[in-house]
Structures are given as structure tokens and as C-alpha cells.
Amino acid sequence: MTLTRLCLAYLRLRVGTTLLNVSLVALGVAIVSSILLVGSQLRDRAEREIRGVDLVVGAKGSPLQLILSAVFQLDIPFGNVRLAEVAFLRTHPLVASAIPLAMGDNAGGFRIVGTEPQFLHERGISIAAGRAWQAPMEAVLGSEVAGATGLRPGASFVGSHGLVGGFAHAEHPYIVVGIANPTGTAADRLILTSLESVWRVHAPRSTGSSTGSHEHEDGEITALLIRYRTPLAAVQLPRLVNARPMLIAAVPAVEAARLLSIVGFGLESLRLLGSALLVLAALSVLVALTNALSDRRADLALMRVLGATRGLLIRALLLEALLLTAAGLVLGFLLAHLSLELLTRLLPEARATGLSGFTVAPDEIMLAPAVLLLAIGAAAIPAVRLYRSNLVETLARG
Amino acid sequence: MPPPSVLLRAGSVVSGMDVSPVVLVEGLRLSVASRVLLDLDRWEVHPAERVVVLGPSGSGKTTFLHVLAGLRSADAGRVVVDGEELGRLAEARRDVLRGRRIGFVHQTLHLVAALSVLDNLRLAAFVVGKRVADEHLLGLLTSVGLRERARARTFELSHGEAQRVAIARALVNDPCLVLADEPTSALDDRNARQILDLLLATTATQGAALVVATHDMRLLPAFDRRLQLGRE
């Protein structure tokens with residue numbers, strides 16, 4: 001016989017109430033845990049994605065949409081600009097690097113992005129197998145793309161028009177020349193190729209085979225990722241870009257903060273809901289323990305007669321609350337992590353966010369002691385009642 | 001100023017051939033609602049002795065057993081059990097002494113419904129921090145004829161069976177004193193006789209003193225001595 005065994009016997013005796021309390025705790029923990037998990041990963045993801053990109057230049061429109069489409073690879077870009085229009089930025093003394101991105105097609109739901117080999121260096125992408133692209137229609141697959149499609153260097157594929165689905169550009173097949181190492185960023189889900197590849201695929205049929213400088217001058221890009229040479233650029237460059245009628249400059253750090261504040265409001269609301277559920281669960285544990293005290297008045301008195309001290313009975317009560325809560329805590333954590341992982345595996349939209357259930361948010365670790373403290377708080381009131389009650393009189397009453 | 005505590009261990013010789021009592025009550029006074037319930041100048045129970053406490057309902061039999069078990073205190077006087085004066089012990093120590101040295105068979109059984117028969121016996125050892133081998137517990141169940149019911153839940157037992165389990169549980173920690181409060185009140189003649197025989201036999205085997213509070217005159221011949229409370 002142990003205290004745990006005694007408590008488990010009592011919990012089994014009232015299996016319905018026990019399951020209800022465990023479910024309430026689990027639900028509250030699952031909601032709060034999911035929020036912490038998603039919030040922390042979104043923040044990490046945002047920080048990773050914008051690292052090394054100080055400014056994004058694109059066609060006039062929403063700066064947030066520009067960042068979402070060009071940096072996070074989530075939203076649809078709203079237009080293109082001619083490369084010639086942003087040429088002044090590529091040679092500007094305040095710019096350390098300016099990398100163009102051209103989008104418009106996908107292969108199996110993965111975006112095909114035309115860019116320059118310097119993109120690999122700027123985004124910290126290394127090649128795991130094969131090499132970087134050198135000629136048009138050569139492609140490097142992000143690690144997730146390679147994993148999902150099974151394509152290896154030497155294999156070929158065709159892109160489809162648009163960023164999801166669309167008609168196939170069967171006359172312009174790509175050849176895989178390299179596979180990238182995982183980076184934990186949106187780049188893992190990209191198919192990288194040269195700008196010329198994208199331009200060639202989308203060139204009018206009559207000029208489809210055109211090459212050389214003409215293609216460069218007329219070619220369109222979706223965005224230009226800029227890294228500043230000096231902090232002074234942060235003051236001058238956005239103003240310079242926004243002064244042009246066709247261009248807009250978006251600062252990733254600002255837009256990401258704006259995005260997180262928008263998403264954060266929703267997350268905060270859900271966190272409040274989860275916290276309210278946890279308080280409700282604590283109240284339910286309190287009611288269950290108070291009822292248990294009434295139901296077990298005779299048992300508790302008997303244990304006193306058998307020699308149990310008040311301290312032992314109070315420890316048993318607290319342990320019962322902790323067992324209930326710990327079970328809910330474990331179930332809640334499992335529910336949160338497994339459902340997030342399942343969601344990201346089943347829904348392409350969720351997969352694109354790069355969220356994972358197989359990780360632990362730093363704040364989640366604090367959730368366990370907080371919930372257990374809540375349980376002890378809930379058990380405190382019945383424990384005080386137990387301490388003050390005259391159990392011997394209860395026994396005398398029979 | 002309270003009288004000095006007298007530490008007398010059961011079995012120790014006080015003077016000449018005297019054996020120190022398991023229970024020593026001196027100057028005990030207890031009133032409830034201005035009515036004097038207990039008034040005993042001196043009362044003793046010796047090892048292996050069988051004493052019956054008689055009296056009509058409301059005469060204070062149960063209260064007297066509770067005082068002997070340290071479950072409640074009297075207005076005056078002292079109670080010494082197994083050499084320990086109960087009034088001088090802190091509550092927690094008194095609880096442990098009761099659990100380890102006194103077995104209690106209660107009027108209304110009070111088995112723990114959440115536990116099996118065997119776990120009810122284990123509980124008696126656990127609450128006082130003792131480790132008792134299952135063989136000992138199964139031996140006790142054998143002695144009350146319920147070994148085969150060891151795994152049964154207590155709500156599956158008849159009243160008589162539950163009373164036997166309560167007797168077995170009272171003996172788990174090898175007490176020097178067993179207190180039984182109306183153990184046969186709800187039983188017919190045959191079952192009452194069986195339970196009484198069982199109490200007498202099991203306490204005799206363990207050398208424990210037995211104090212039974214009852215108003216059941218059928219039990220009277222089985223005891224060495226009697227204490228009358230209230231009018232006869």
C-alpha cells in the first residue's frame with residue numbers, strides 16, 4: 001500500500017468525475033500549449049526568415065503582402081517590376097547586396113523561384129548533393145521539396161503556371177542539378193533556378209528562345225531583397241524607393257512585427273480562453289475534492305482511528321489533486337503537440353507555415369509547474385476543511 | 001499541577017507478582033451537556049484480559065472507548081495505554097500510538113469501499129508507516145475464515161464477513177489492546193456467537209487484552225470482568 005495507490009483507488013471509484021476533471025485540465029492545457037507552441041515557432045520563424053534581409057522592393061501595393069510573398073513565401077505576390085527599374089539599387093553605394101526574385105510557377109505545389117546564385121550565400125543555403133544552377137532550366141531543390149518529390153540530381157520535371165496548380169509548361173522542362181541542405185526556413189520548400197529560366201518559361205512563344213541582354217533588360221522580377229551596407233541606408237533607401245511611382249519598399253522587421261501583433265492579438269485571445277479553461281478546471285478539481293471529502297467522511301475518520309495523522313490525510317488529498325492534474329497535463333501536452341503535427345502533415349496550408357508539433361516552446365516548460373500550482377491551490381480549500389474537521393465526531397455519528 | 005507521568009510497559013513487574021496493566025485509568029471524569037457520563041477513580045486492564053463494558057444506550061460506552069483510544073480527551077484524570085499517558089502526547093504521536101498498539105472494531109464497520117479486503121488490511125499498517133508482509137495479512141484473513149475473499153471488494157461482502165474483516169484489520173499491527181464497540185449489535189444469535197468467539201480467539205492468540213462495549217447480555221459469560229456504566 002502506498003499513498004499513490006490509495007489515491008488511485010479513490011480516483012477509480014469515481015471514474016466519471018475523474019475523467020471529467022482530467023478532460024477539463026487536458027483541454028485547457030492543450031489550448032494554452034498550442035498557443036505557446038504556435039506563437040513561439042512563428043516568432044522564431046519570422047526572425048529566421050528576415051535575417052539578412054533589410055529591405056524588400058517590389059511593385060506598388062501592400063508592404064505586408066510583399067514581405068509575406070517574397071520573404072515568407074506564403075502570400076501571392078501582387079505584381080512584378082522590370083529589372084531595369086530597380087537596377088539603380090543594385091549599384092547603389094548604400095547597398096551591400098540586392099538579389100532579385102522572380103516567381104510565378106510551381107511544381108507539385110512548391111514554388112519555383114528564379115534568382116541568382118548569390119541568393120544561396122545570402123540565405124545560408126548549402127548544397128547537400130550536386131551543385132548550384134549555372135545555366136537556364138537547371139534547378140536546385142529545397143530539402144523538403146526533395147523529400148516530398150523524391151527527385152534527385154539528373155531528374156527532370158515541369159513547372160505549372162501560378163503558385164498552386166495551373167497548366168503545365170510542358171515545353172520547358174527543368175533538370176535537377178542540386179539538392180540543398182535543410183535551413184529551417186521557407187527556402188526548404190522552394191525550387192531555385194536562374195532568373196532566365198523563369199523568363200524563358202513565360203516568354204511569348206515568338207520570343208521564347210530569345211537569350212542574352214535583351215532578356216535581362218525586359219525581364220520582370222517579383223521582388224528585390226536588399227541588405228544594407230551601412231545603417232544610414234535604413235533612413236535613405238526606403239524614401240528613395242517609395243519616391244518612384246511603380247515601386248514600394250517594405251522593411252521586413254517592421255512588417256513582421258506588424259504581422260505578429262495582428263496574429264498575436266488572436267493568439268492572446270485564445271491564450272486567455274485557455275487560461276479561463278484552466279481556472280475552470282481548477283474549480284472543477286476543487287468541487288470534486290470537496291465532494292470527495294463529504295463522500296469519504298467515514299473513510300477519513302476510519303483512517304484517523306487506524307492511526308493516520310491529519311498531515312497524512314492532507315498529503316493524500318493534495319496527491320489526489322496532483323494526480324488528476326498531472327494526468328490532464330500530460331494528455332493536454334500530447335493533444336497539443338500531436339494535433340499540431342497532424343495538422344501540418346495533412347493540410348498543405350499548414351505545412352507551408354513550417355510549424356511542427358515535435359518541438360517544445362520555452363514557455364511551455366513553465367506551464368507544467370503553473371498548472372500544478374493551480375491544482376495545489378484548488379486542493380488548499382478542501383485541505384483546510386479537512387484539517388479543521390472533527391473526524392472523530394464523524395465516526396461517533398456512524 | 002498534573003500528576004507525574006507513570007511509564008509502565010505491558011509485561012513489566014510493578015511490585016511483587018503484579019503485571020503492569022495495558023490500560024490504566026485514574027480519576028477519569030467526563031461530562032456531556034452537564035450530565036456526568038464517566039466517573040472512574042481507578043480502572044485497569046491487564047494483558048490478555050477480557051473485559052466487557054456494559055450499559056444501556058447513551059450511557060457513554062462508545063465515548064469511554066474513544067477516551068481509551070485517545071480519540072477524545074476527558075475533563076479530568078489520566079489514561080495510560082501501554083505505558084504512555086495519552087494526555088501528554090502530541091496529537092500526531094497519539095495517532096501513531098493508537099494505530100500501532102490499539103486495534104479498534106467499530107460499531108458500523110467502516111471498511112474502505114475503494115479498496116479490496118486485502119488492501120483494507122494493508123491500509124492499517126500503511127497509515128502508521130509499518131511494513132507488514134502479505135503472508136501475515138493472509139494469515140489473519142485465514143484466522144477469520146476469509147482468505148479466499150482477499151481480493152474481493154468490500155461491497156461484495158455480507159455484514160458478517162465485513163465484521164470479520166474489521167476484526168482481522170484490528171489485529172494487523174499486533175496490538176496489545178483491542179477495543180470493540182458493539183461488534184454484535186446487528187447480528188443474529190449464531191453470527192453474534194461466531195464473531196465473539198473470533199474476537200476472543202484471535203486476541204488470545206496474540207496475547208492482546210480485549211475490551212468490548214455492548215448492551216448485548218448474550219456476551220456476558222465470555223468475559224473475565226465487567227464494567228457497568230449507567231444504571232444496570
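Four salt bridges are counted between chain B and chain A in this predicted model. One salt bridge pairs B:Asp119 with A:Arg5, and here the closest N and O atoms lie 3.2 Å apart. Polar contacts also span the interface of chain B and chain A: five residue pairs, both partners at pLDDT 80 or more, satisfy the rule.

Turning to the secondary structure on the chain B side, helices α2 (91–101) and α3 (117–126) of chain B each contribute at least two residues to the side that touches chain A. The largest share of that side, six residues, belongs to α2(B). Sorted by class, the side of chain B that touches chain A holds 14 nonpolar, seven charged and five polar residues.

A look at the extent of the interface rounds out this picture. The contact draws 26 residues from chain B and 24 residues from chain A. Between them, chain B and chain A bury an area of about 2300 Å², with 70% of this area coming from carbon and sulfur atoms. Of the area that chain B buries against chain A, 25% is supplied by B:His110, B:Phe126 and B:Val127, more than by any other three residues.

Chain A also offers a feature of its own for the reader to find on the model. Here A:Val279, A:Leu280, A:Leu283 and A:Leu374 make up a nonpolar surface patch of about 330 Å². Helix α10 (residues 252–295) of chain A gives the most to this nonpolar patch, namely three residues, while A:Leu374 sits in helix α14 (residues 362–388) of chain A.

Key: Residues are numbered from 1 along each chain as its sequence is written. Chains are lettered from A and ligands numbered from 1 in the order in which they are written. This is a predicted model: local features need pLDDT of at least 70, side-chain atom pairs count only at pLDDT 80 or more; totals for chains, interfaces and linings use all residues. Side-chain values use heavy atoms; hydrogens and water are left out. Contact means heavy atoms within 4.5 Å. Buried area is the accessible area (1.4 Å probe) that two parts lose on being put together, summed over both. A salt bridge is a side-chain nitrogen of Lys or Arg within 4 Å of a carboxyl oxygen of Asp or Glu. A polar contact is a pair of N or O atoms within 3.5 Å; within protein, one must be able to donate a hydrogen and the other to accept it, and residues adjacent in sequence count only if both atoms are side-chain atoms. Helices (H or I, at least four residues) and strands (E, at least two) are DSSP runs, numbered from the N terminus. Ala, Val, Leu, Ile, Met, Phe, Trp, Tyr, Cys and Pro count as nonpolar, Asp, Glu, Lys and Arg as charged, and the others, Gly among them, as polar. Patches are made of residues with over 30% relative accessible area and no salt bridge: like charges are joined within 9 Å, nonpolar side chains (Val, Leu, Ile, Met, Phe, Trp, Tyr) within 5 Å. Accessible areas come from the Shrake-Rupley method with a 1.4 Å probe; for residues, only the protein chains shown count as cover.
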